[in-house]
Amino acid sequence: MKTSIWIILLYLLSISLYAEDGHNLWLHDKGSVRVNVVCKKSSPTLNIAVDELQQGWQGKDGATIVLEIRKDKAIKSDGFEINSNGIKANTELGILYGVYELLRRQQTGEPIEEMISNPSYAIRILNHWDNPDGTIERGYAGHSIFWRLGETALVVTDADKMLWHEYARANASVGINGSVLNNVNASPLMLSKEYLQRVKAIADIFRPYGIKVYLSVKFSSPTLISGLKTSDPLNPEVIKWWQEKVKEIYSIIPDFGGFLVKANSEGMPGPQDFGRTHAEGANMIAAALKPYGGIVMWRAFVYSPSDQDRARQAYNEFVPLDGKFLDNVIIQSKNGPIDFQPREPFSPLFGAMKKTSVAPELQITQEYLGQSIHLVFLAPMWEECLQSETYQEGAGSTVAHCTDGSIYLQKFTVIAGVSNIGLDVNWCGHVFAQANWYAFGRLAWNNSIKSEQIADEWLRLTFSPDTPKHGVTALSDDWTGHFLLPVKQMMLESREAAVNYMMPLGLHHIFAADHHYGPGPWWAPKGMRHDWTPPYYHKADTNGIGFDRTSEGSNAVNQYHEPLASKFSDLKTCPEIYLLWFHHLPWDYKMQSGRTLWEEICYHYESGLNQVREFQKIWDMVEPYVDHERFVAVQSKLRNQCRDAQIWKDACLLYFQQFSRRPIPYDIERPVYDLNYLIDEDMKRYR
Ligand code: GCU
């Protein structure tokens, strides 16, 4: 055989030997040195803790580490202490979390000092929007890891068990301790005997990792499953039905976590169908769960096609009910008042309900942020929300503190993230989407941690300076300078880039209908619910653009506590990032930069596109530091992202230009797509 063929074969072999498909997430096997672990007790959870230490120890060779369960008041719930002897905790799970923290610090080179770490939220939970047929609502990483269609749908295979085990380990490694296994648009099937058996099998695998299972339930289940004439929450038969169903569930899964309920929202049934309130509905189910320690997470994502501004509706429905919920009901509210947009101000519900547990719901799956194509690191967005001042109890009453129990007495503190996990070999469909799963866990554990730290940790754990190089020569051995720092910078900028090329300056919900991927500011078919069409949100006309939510308009500003209401109302103080969220302004309104509003909009779209072009360059430059497989996967996704950013820019500028009737500033690159072409392509889906 010719030498060149041998070289090619060897090259291919080296690639396949090092094939890095991303399945290991941030939990790479980094090799270990000897460690002597002392742990008096043995249990499934403690055995995992010991194994993890033995397999991942990178500290002093032959060191002795003591794992000790001892009550200590400074340690809360499943928190832990790392000290010079080892790890101390009140619970077995606390020990396991301490082990993961210690190993993470060893692997990332973070100093290991004496420390106590307590979780910000008691319940740190993933919400899977998985359907019993295996599809996932807003899932972009393949089908469900829990459910599938077909004759073998309910058979628990070894492959299932292996995957659930890996999933549980990954979650535990970042402190996640709960999973809702099915879609909030819930199928009643989930409560059937057969499905509950599969839930039990999942729970059995999760248990040693401290992960409880929860289910989404449909409010009309008594009628749908057992043919009851009503599902009215005050009807004695309905009450009994839920009590019995809950009893049955706990007899199968004794540590079952509870229910998540989407009621009277987007066509889902709820207590209002029977003239009852959200409190009456939630309390009825909560009462059934209470004897077993279960909880109800009741979603505040409610809006109806009324004349009332959609952004006001959750607050209007829920705040008057404050104080009326049982203490095992948690009101779960999306971070913003509308719907997981690239940027929204925080939901005014946070801090306004003072006698009720309120949980932030974040969306890890990138429904509105480029799905599994765009590289968008979400920690900065979540940090922005959690650190927002609500002023409900003066300065310092941030969204984080209003929800984590540090201001209001809440029996349960919860934070939820809508999962981005599927059967894709790399779990999330995009290597960098794994960072969002990781970030959710880290923020749920510590809601004041900075995005920069999360990105740094994740990169160090996920990529490695020892990556074999294929063909492209590294600039130097300086992994930190040539890989870590530029890629971290790219991650940290990526969310702002997406805001810039999708909907800057407070614009929101101008997505194409249904799939929520590309632009669709024009989309408004006759007869369609107006709050499901982009023109409802941008309100562009020849006079200007933006949604007036001041007292002259919908007055949504007055749901914010002072000084925020005044700050958002006043053009002099309203942050420009929220300008068109709160104001309808003329196209030649003067911005802080001295440009007109129209020009500023143009520059934002242009800069978003340019940012993605920069990301492409950064990624190309780090090729020598990344394994081949992940390098090409991300490179190809960035190309798509760049094309999409161009489409976003062209679509939005050309569409809005019809109203602004002003030129696109001449130092900005001209659009490359025709507006009619983009509209036609979008509309084809509806013909
Ligand atoms: C969004 C999303 C839906 C989802 C809903 C919810 O509207 O597009 O798919 O069901 O949020 O959070 O309930």
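**Notebook: cavities, ligand shell and odd backbone spots**

I noted that helix 9 (310–318) and strand 11 (329–334) each supply at least two residues of the lining of the second largest cavity. The model I am working from is predicted.

*Second largest cavity.* I looked up its volume, which is about 100 Å³. I listed the lining residues as Ala-300, Phe-301, Val-302, Tyr-303, Arg-310, Ala-314, Ser-333, Lys-334, Gly-336, Pro-337, Ile-338 and Ser-347. I sorted this lining by class and got seven nonpolar, three polar and two charged residues.

*Largest cavity.* I searched the whole structure and found seven cavities of 30 Å³ or more. For the largest cavity I recorded a volume of about 110 Å³. Its lining consists of Phe-80, Tyr-97, Tyr-100, Glu-101, Arg-104, Ala-172, Ser-173, Val-174, Gly-175, Arg-442 and Trp-445. I then checked which elements give two or more residues to this lining, and they are helix 3 (92–108), helix 4 (158–173) and helix 12 (434–445). Helix 3 gives the most, with four residues. I classed the lining of the largest cavity as six nonpolar, two polar and three charged residues.

*Glu-52.* I followed Tyr-100, one of the residues lining the largest cavity, to a partner. The side chain of Tyr-100 makes a polar contact with the side chain of Glu-52, at 2.8 Å. I placed Glu-52 in helix 2 (residues 44–56). Its relative accessible area is 7%, so I count Glu-52 as buried, the cut-off being under 20%.

*Ligand.* I counted 13 residues around the ligand, and the closest are Glu-137, Lys-262, Arg-299, Lys-334 and Glu-367. Lys-334 had already come up in the lining of the second largest cavity. I split the shell by class into three nonpolar, two polar and eight charged residues. I then looked up distances from polar side-chain atoms to oxygen atoms of the ligand. For Lys-262 I have 2.6 Å, for Asp-339 I have 2.9 Å, and for Asn-185 I have 3.0 Å. Taken alone, the ligand exposes 320 Å², and the protein buries 96% of that.

*Phe-340.* I found phi of Phe-340 near 50°, a positive value in a residue other than glycine. Phe-340 sits in the loop between strand 11 and strand 12 (357–363). I count Phe-340 as buried because its relative accessibility is 2%.

*Asp-514.* I found another positive phi in a residue other than glycine at Asp-514, where the value is near 65°. I located Asp-514 in the loop between helix 14 (479–502) and helix 15 (534–538).

*Pro-563.* I checked omega between Glu-562 and Pro-563 and got about 5°, a cis peptide bond. I placed Pro-563 in the loop between strand 14 (544–545) and helix 16 (564–569).

*His-583.* I ended with His-583, in the loop between helix 17 (579–582) and strand 15 (585–586). Is His-583 buried or exposed? With a relative accessibility of 5%, His-583 counts as buried. A polar atom of the His-583 side chain lies 3.5 Å from the backbone oxygen of Ser-569.

Note on methods
Residues numbered from 1 in each chain as written. Predicted model: local features only at pLDDT ≥ 70, side-chain atom pairs only at ≥ 80, totals over all residues. Heavy atoms only, no water. Near = heavy atom within 4 Å. Polar contact = N/O pair within 3.5 Å; in protein donor to acceptor, adjacent residues only side chain to side chain. Areas by Shrake-Rupley, 256 points an atom, 1.4 Å probe, with all protein chains shown as cover. Nonpolar A, V, L, I, M, F, W, Y, C, P; charged D, E, K, R; others polar. 1 Å grid on protein atoms, 1.4 Å probe; cavity = no way out; pocket = protein on both sides within 12 Å on 5 of 7 lines; lining within 4 Å. Points joined across faces, edges and corners; volume = space filled by probe spheres on them. Buried < 20%, exposed > 50% of the residue type's maximum accessible area, 1.4 Å probe, protein only.
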